[in-house]
Amino acid sequence: MDLCIIIKGMSFFLQTSVGIISNCVILLSYATILYSKCKLMPVDIVLSHLAFVNMMVLLTRGVPQTMTVFGINHVLNDVFCKVIVYIYRIVRALSVCVTCLLTVLQAVTISPNIRWSFVKLKDMKFLSLSLVSLWVINMAVCIAAPFFSALPRNVSIPSFTLNLGFCHVYFPDQMSYIINGFAVSFRDFAFVAIMVFTSYFILRTLYRHRKQVQSIRRQNGDRNLTAETKAAQDVLRLVLLYVIFFGIDNIIWIYMLTVSQVPSTITDMRVFFSSCYASLSPILIIFSNRKIQNGIKCAIKQKTVEVYVCQI
């Protein structure tokens, strides 16, 4: 086997494996917290939702891509091809939507403006409605994806075709190809713009808060504010991570819109960078979120106790 193929395949395999395991750790830690009858805060619910969405991104894009690189091309049939493309389109859109929702929720949480107090009091109701709405909207918007998807044909790849390796997305002409590309890019840019705006608001609020509490930072009443500040900083790191890989992904995507035949190397690069957020964000969340770390410790302790009881 060619060395380049081995390096490419191992890169996708490691990225997918690390991402799936990390997202599973987040979900299991929150499940442990719920099992111990502890209440999850709204931010925790959004983070667990983000972990699930990112795990699905890797399962529907990273796993098939890894199989394709290693030459495992005939496992899926046409129906599974359409289903996987449809699910991937939904969860990829939800990844940016949920990250955006997380920044908005954090901005509302730390906002000193009394006008947002009614949202804080009813945040669970608004949060549930927001998450359900995002799922329904993206499922409706992506409904056309399966109709353009099919298994690769035993002929040369037509122009204006997205080559996913295990599956092809065929567009009838250049206009539909470009319209689809700009529609996806416009949606992502819109949510990224909201994230950038709310991140600016969070940074400004944190700066004002820091100036106001410098003299009383060691007092007991400042502990909750410090926790909120740390949570806000963690969200800003997530946004920065997303924006970096979003920029790389869309630079490659814009280039792909300018050519009718996209080289496979360019497609592989886009798949890799577009999956980096789903793979790296859970690691950032685990190392920065104390509640998740405590949930992991509780799960380990429970497992240790179960093993000890079984041995007895």
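**Exercise 1. Find how many aromatic pairs the rule gives, and classify the pair Phe-12 and Phe-272.**

The count comes to five aromatic pairs, where rings of Phe, Tyr and Trp (its six-membered ring) pair if their centres lie within 6.5 Å. The model is predicted: local features need pLDDT of at least 70, side-chain atom pairs count only at pLDDT 80 or more, and totals for chains, interfaces and linings use all residues. Residues are numbered from 1 along each chain as its sequence is written, and side-chain values use heavy atoms, without hydrogens and water.

Step 1. Planes under 30 degrees apart count as stacked, over 60 as edge-to-face and the rest as tilted.
Step 2. The ring centres of Phe-12 and Phe-272 are 6.0 Å apart and their planes stand at 75°, so this pair is edge-to-face.
Step 3. Phe-12 belongs to helix H1 (residues 3-35) and Phe-272 to helix H8, so the pair ties together parts 260 residues apart in sequence. Helices here are DSSP runs (H or I, at least four residues), numbered from the N terminus.

**Exercise 2. Decide whether Phe-12 is buried or exposed, and do likewise for Phe-272.**

Step 1. Buried means under 20% relative accessible area, exposed over 50%, partly exposed in between (1.4 Å probe, protein chains only).
Step 2. Phe-12 has 2% and is buried; Phe-272 has 27% and is partly exposed.

**Exercise 3. Repeat the analysis for Phe-189 and Phe-246.**

Step 1. With 5.0 Å centre to centre and 80° between the planes, Phe-189 and Phe-246 form an edge-to-face pair.
Step 2. Phe-189 is in helix H6 (residues 174-212) and Phe-246 in helix H7 (residues 223-257), 57 residues apart.
Step 3. Phe-189, at 41% relative accessibility, is partly exposed, while Phe-246, at 6%, is buried.
Step 4. Phe-189, Tyr-242, Phe-246 and Tyr-277 form one aromatic cluster.

Methods
Helix = DSSP H or I, 4+ residues; strand = E, 2+ residues; numbered from the N terminus.
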